[in-house]
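Work through the exercises below with the coordinates open. Try each task before reading its solution.

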Amino acid sequence: MQHQVAVFARRAEQTRLGGIGQARNSMDRAAYLLLNRLEQVGPMGVKALASGMGIDSSTVTRQVAPLVEAGLVTRTTHPEDGRAVVLKLSPHGTARLGQVRSSRRELMAVLTEDWSEEDRETFCRLLTRFNNAMQSIHPSTEQPEPAQTPQAAEGAEAPESPEEVPSS
């Protein structure tokens with residue numbers, strides 16, 4: 001199992017689960033996860049975003065800069081504290097995230113096209129369980145996502161970092 005997880009992590013990183021079509025490999029994992037978090041939770045400060053993702057603020061600041069430059073995220077002042085910065089997914093960011101998510105779902109459909117519905121459901125359930133177990137070893141304040149239907153999970157990400165997966 002350890003070897004297969006290592007192979008999976010390497011292959012997932014090589015393709016970045018990039019998807020199919022024009023959106024393929026057009027968004028790195030860090031950007032995808034940040035945009036996804038902003039879409040799910042809504043506008044927030046750097047510290048809250050970092051805490052929710054289980055990474056430090058300097059990492060978020062570094063990863064958000066190109067997203068702001070590309071117009072995917074906007075920086076605004078906090079409505080109650082003008083000194084604080086709030087990050088918000090822009091309409092362009094919402095559209096790009098939708099394109100990439102759709103492409104990744106299409107890739108998941110292609111990869112599992114000869115699987116039965118039961119196999120997809122089982123894989124999704126076990127992968128969710130595995131990811132939750134990984135999170136219990138390296139906890140963050142981010143709540144694990146509930147098990148999804150295979151159709152919803154088709155856009156699911158690989159483990160956050162292949163470095164966290166033991167290699168062979």
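**Exercise 1.** Which residue just after helix 4 takes a positive phi?

Solution. The model is predicted. Step through the backbone just past the end of helix 4. Gly71 has a positive phi of about 80 degrees.

**Exercise 2.** Check the span of helix 4, then find what covers its buried residues.

Solution. Start with the length. Helix 4 runs over residues 57-69, which is 13 residues. At 1.5 Å a residue, the expected span is 18 Å. The end C-alpha atoms lie 18 Å apart, so the two values agree. Next, list the buried residues: Thr59, Val60, Val64 and Leu67. Last, look at their cover. It includes helix 2 (29-41) and helix 3 (46-53), along with strand 1 (73-77) and strand 2 (85-89).

**Exercise 3.** Work out how the buried residues of helix 6 are placed around its axis.

Solution. Take the length first. Helix 6 (residues 117-137) has 21 residues. From first C-alpha to last it reaches 31 Å, close to the expected 30 Å. Now pick out the buried residues: Arg120, Cys124, Thr128, Met134 and Gln135. They cover an arc of only 125 degrees around the axis, so they sit on the same side of helix 6. Then turn to the other side. There, Glu118, Arg129, Ser136 and Ile137 are exposed.

**Exercise 4.** Is Arg104 buried or exposed, and which backbone oxygen does its side chain reach?

Solution. Locate Arg104 in helix 5 (residues 91-111). Its relative accessible area is 2%. Buried means under 20%, so Arg104 is buried. Now follow the side chain. The side chain of Arg104 reaches the backbone oxygen of Met27 at 3.0 Å.

Terms used: Residues numbered from 1 in each chain as written. Predicted model: local features only at pLDDT ≥ 70, side-chain atom pairs only at ≥ 80, totals over all residues. Heavy atoms only, no water. Helix = DSSP H or I, 4+ residues; strand = E, 2+ residues; numbered from the N terminus. Expected span 1.5 Å × (residues − 1). Buried < 20%, exposed > 50% of the residue type's maximum accessible area, 1.4 Å probe, protein only. Contact = heavy atoms within 4.5 Å. Arc of directions from axis to C-beta. Polar contact = N/O pair within 3.5 Å; in protein donor to acceptor, adjacent residues only side chain to side chain.
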